[in-house]
Amino acid sequence: MDRKTTMATELALLLALSTLWGASYTFIKIGVETIPPVTLIAARTLIAGAVLVAILRLRGLTLPIDRKVWGRFLFQACLNSVVPFTLIAWAEQTTDAGLATILNSTSPIFAFLLTALITRHEAITGRKLFGVAAGLIGICMIVGIEALGGVGHELWAQLAIVAATICYAGAAIFGRNFKGLDPMMPAAGSMICGAAILIPVSLVVDRPWTLAPSADSALALLALAVFSTALAFVIYFRLVQTLGSVGTTAQAYLRVPIGVAIGVLFLGETLSSTAWMGLACVVAGVIAMTMPARKRG
């Protein structure tokens, strides 16, 4: 397989991941209507973990038994599911799915800054700086001047989404520790660890046996767990290995127009009139941040 075909495959997977995670904000919004946030996320991680383990078994693979590896799975679970999933679900009780998508889209910026300041495992190039700038400009256009008026409302909910975003940026960098493993292993392992943390909390806090979720919330939870979590994490861990942490978090730029559009279509949320110009900037940013450097000679 030549390099162009390989890169086309990776970019197609990046688009698929953006769509799956873009839809997750709408699924969460529908889910938290009748399911409390901790229980929603506990069920999300449990179902996703079970699906991933079943797929691993069908492929003839078993999870590692090394304690050190499971320690990494646990840390990854906290960074990539337990803390950010719960914060976003809690925030979406009062925040639109579209605004949650937009606020959460800044993960490439935090990943870029963390990479530049701490790990320094990826080169800081002019093209990546352009990608960050173009993506931010595009996001501002998609939000629109009139939408910015809503940023001050529900401040704690919006700060919770930003905190979740910083967790995702750290997770993208920490995900490089799983290079020797099949991409499904850290996805399954981190989901199992996430469920192990969240289920006891759910039992104590929400007493889920007393809940009566609507059919819409239950279906949203199922779609969230199977498609936007299990399938999405398999793609995510592969992309961390092929595109790098900053390149992978660039899916957040694509996730913005996709997530906002899904909110408009299914939840009746409003879209800024400058969204198309913003989308062009976003796509330019993604290409700049994910395109491999040309080799000289």
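Student: Where does serine 24 lie?

Tutor: In helix α1, residues 3-31. Helices are DSSP runs of H or I with at least four residues, strands are E runs of at least two, and both are numbered from the N terminus. The model is predicted: local features need pLDDT of at least 70, side-chain atom pairs count only at pLDDT 80 or more, and totals for chains, interfaces and linings use all residues. Residues are numbered from 1 along each chain as its sequence is written, and side-chain values use heavy atoms, with hydrogens and water left out.

Student: Why is serine 24 called buried?

Tutor: Its relative accessible area is 6%. Buried means under 20%, exposed over 50%, and partly exposed in between, for a 1.4 Å probe and protein chains only. A value of 6% falls under 20%, so serine 24 is buried.

Student: What lies 2.6 Å from a polar atom of the serine 24 side chain?

Tutor: The backbone oxygen of tryptophan 21. A polar contact is a pair of N or O atoms within 3.5 Å; within protein, one must be able to donate a hydrogen and the other to accept it, and residues adjacent in sequence count only if both atoms are side-chain atoms. At 2.6 Å, the pair is within that limit.

Student: Which residues is serine 24 in contact with, leaving aside neighbours within four places in sequence?

Tutor: Arg44, Leu224 and Ser228. Contact means heavy atoms within 4.5 Å.

Student: What makes α2 oblique to α10?

Tutor: Helix α2 (residues 37-58) and helix α10 (residues 215-243) pack at about 55 degrees, with axes 8 Å apart. Axes are lines fitted to C-alpha atoms, for helices over the stretch in contact, and angles run from 0 to 180 degrees between N-to-C directions. Under 35 degrees counts as roughly parallel, over 145 as roughly antiparallel, 65 to 115 as roughly perpendicular, and the rest as oblique. About 55 degrees fits none of the named ranges, so α2 is oblique to α10.

Student: Which residues make the contact of α2 with α10?

Tutor: From α2, they include Arg44, Ile47, Ala48 and Val51. From α10, they include Leu224, Ser228, Thr229 and Val234. By class, there are twelve nonpolar, two polar and one charged residues. Here Ala, Val, Leu, Ile, Met, Phe, Trp, Tyr, Cys and Pro count as nonpolar, Asp, Glu, Lys and Arg as charged, and the others, Gly among them, as polar.

Student: Why are α2 and α3 oblique to each other?

Tutor: The axes of α2 and helix α3 (residues 67-91) cross at roughly 135 degrees and come within 9 Å. That angle is neither in the 65 to 115 range nor over 145, so the pair is oblique.

Student: What meets what between α2 and α3?

Tutor: Pro37, Val38, Leu40, Ile41, Arg44 and Thr45 of α2 meet Ser81, Phe85, Thr86, Ala89 and Trp90 of α3. Seven of these residues are nonpolar, three polar and one charged.

Student: Why does threonine 229 count as buried?

Tutor: Threonine 229 has 0% relative accessibility, which is under the buried cut-off, so threonine 229 is buried. Threonine 229 is in helix α10. Beyond residues up to four places away in sequence, threonine 229 touches Arg44, Ala48, Phe85, Met191 and Leu224.

Student: Why is leucine 74 called partly exposed?

Tutor: Leucine 74 has 39% relative accessibility, between the two cut-offs, so leucine 74 is partly exposed. Leucine 74 sits in helix α3. Neighbours within four places aside, leucine 74 contacts Cys193 and Ile197. The C-alpha atoms of leucine 74 and glycine 194 are 7.3 Å apart, although 120 residues separate them along the chain.

Student: Why does leucine 254 count as buried?

Tutor: Leucine 254 has 14% relative accessibility, again under the cut-off, so leucine 254 is buried. Leucine 254 lies in helix α12, residues 251-267. Leaving out residues up to four places away, leucine 254 touches Leu14, Leu15, Ser18, Val282, Val283 and Val286.

Student: What is the phi of arginine 207?

Tutor: Positive, at about 45 degrees, although arginine 207 is not a glycine. Most residues other than glycine have a negative phi. Arginine 207 is in the loop between α9 (184-205) and α10.

Student: Why is arginine 207 partly exposed?

Tutor: The relative accessible area of arginine 207 is 45%, over the buried limit but not over the exposed one, so partly exposed applies.

Student: How many helices and strands does the chain have?

Tutor: There are 13 helices and zero strands. Buried residues make up 52% of the 297 residues.
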